[in-house]
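Colleague: Please take a close look at how the strands pair, and follow that part outwards to whatever it leads to. I would rather have one connected account than a list.

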Amino acid sequence: MNSRKSLLTSTVLNLAALGALPWACFAQPDPNWLDHDRNRPQPPVVAPATPSTPEQAGKAPSDATVLFDGKDLSQWSSLDGSPTKWITRDGYMECVKGSGYIRTRQNFGDCQLHVEWAAPVPAHGEGQGRGNSGVFLGLDRYEIQVLDSYESKTYADGSAGSIYGQYPPLANVCRPPGQWQTYDIVYTAPRFDADGKLLSPVHLTVFHNGVLIQNNVQLTGPTSWLERAPYQPHPEKQPISLQDHGNPVRFRNIWLRELGQSDKKEVASRTAGLTLPTSLLDSYAGKYDSVEITREGSQLVALVGGVKFLMFAESPTKFFAKTTDVQIEFPAGVQGKPDRLIWSVGEGANEAKRTQ
Ligand code: MG
């Protein structure tokens, strides 16, 4: 297969020139792989999450890091690392006024984060004083507001599901206080260069109770009250925090999936393909059941599914394309025009008989 791994060098180099940019924010097909590449690693098999009910928290997907399963706070501490005074009870944790934020002991960068929360019941207070907490990424820098916004008004960019002070949620999806609610968050950490200059801001996507409320928004900097604070450089991986805003907000079923670069591979050495006699190539040209073969200069061109592919020779009978994983093989040891060929795109093998 090595000879087929001859790909688009110039594209790779162009991307390398952009190497300082975090690829995750500009996701695009990896040029190291052909379209439909049969050698591309399979995605990992993950058992899905099970949904929660008001009575019972669901289960995390099989590849998640469970940060809180309702029983203990061993993975959490106060911001300074000392044990937290938040309490656990009946499958949830609850903020204790004045005890301070809690943070994970582990650090995380780009991730999918699931959090369930419930505002105090009966509701108490108004506006920012009613069921206020927050889910923070990047330690205590970037807040997704937790607030009892059920039939309760506050400034829009501080309501439930807002990126505090920057982006109101696209919808108010709040359930009544006391009912469990879900946040499903996709976080892309900011990137800084070696001098601390911002290369790419925080990106956040948030679903509240299954409804999209933040659609890949770009943060202007840390979330804060009264001001738009500028970014300060920090490591990509940081703890996740929950806010103590003085209200006994409850949390349960917190899990996280780290988002990485699962299918990177080394760029293989590149070959141009063999040069074959045009008389041999001409013998292959013709119409087959589902494929048409022509010769252009010193190469074959295959028309597959209405798309033309320039084919490169791996051997006198085997050909491959360099953009999509198209392979064509003619029978070996045939004198003159072969009466069939075998073709495939990414998988399998299909026989096509010559019709012309
Ligand atoms: Mg808050």
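Modeller: Two strands count as paired here if DSSP finds at least two bridges between them, and the account below rests on a predicted model. By that criterion β2 and strand β5, residues 102-104, form an antiparallel pair with 3 bridges, and within this pairing W76 stands opposite T104 of β5. The two strands belong to an open sheet of 5 strands, whose order is β2-β5-β14-β7-β8 and whose pairing is antiparallel. The edges are taken by β2 (76-78) and β8, each of which has a single partner strand, so one side of each is left without a neighbour in the sheet.

From the β8 edge the account leads to a metal site. A magnesium ion is coordinated there at 2.1 to 2.3 Å, the donors being OD1 of N132, O of S133, an OE atom of E143, and OE1 of both Q145 and Q243. Along the sequence these donor residues follow the spacing N-S-x9-E-x1-Q-x97-Q. Q145 sits in strand β8 (residues 142-146), whereas N132 lies in the loop between β6 (111-118) and β7 (133-137), so this pair ties together parts that are 13 residues apart in sequence. Both N132 and Q145 are buried.

The strands β7 and β8 also lead to the packing of the model, since each is among the elements that give two or more residues to the largest nonpolar core. That core has 42 residues, of which M93, L113, Y183, L204, F251 and I254 touch the most other members. Besides β7 and β8, its contributors of two or more residues include β1 (65-68), β9 (181-188) and β15 (250-258), while β6 gives the most, with 4 residues.

L113 shows in more detail what such a core member meets: leaving aside neighbours within four places in sequence, L113 is in contact with L67, V135, L137, Y183, D184, I185, I240, I254, W255 and L256. Two of these partners, Y183 and I254, are themselves among the residues that touch the most other core members. Separate from this core is a second one, made of 20 residues, and Y284, F309, I328 and W343 are included in it.

The cysteines complete the picture. The structure holds 0 disulfides; C95 is buried, its relative accessible area being 2%, and C111 likewise counts as buried, at 1% relative accessibility.

Key. Residues numbered from 1 in each chain as written. Predicted model: local features only at pLDDT ≥ 70, side-chain atom pairs only at ≥ 80, totals over all residues. Heavy atoms only, no water. Donors = N, O, S within 2.8 Å, 3.2 Å for Na, K, Ca; no water. Buried < 20%, exposed > 50% of the residue type's maximum accessible area, 1.4 Å probe, protein only. Core = buried A, V, L, I, M, F, W, Y, C linked by side-chain atoms within 4.5 Å. Contact = heavy atoms within 4.5 Å. Disulfide = S-S within 2.5 Å.
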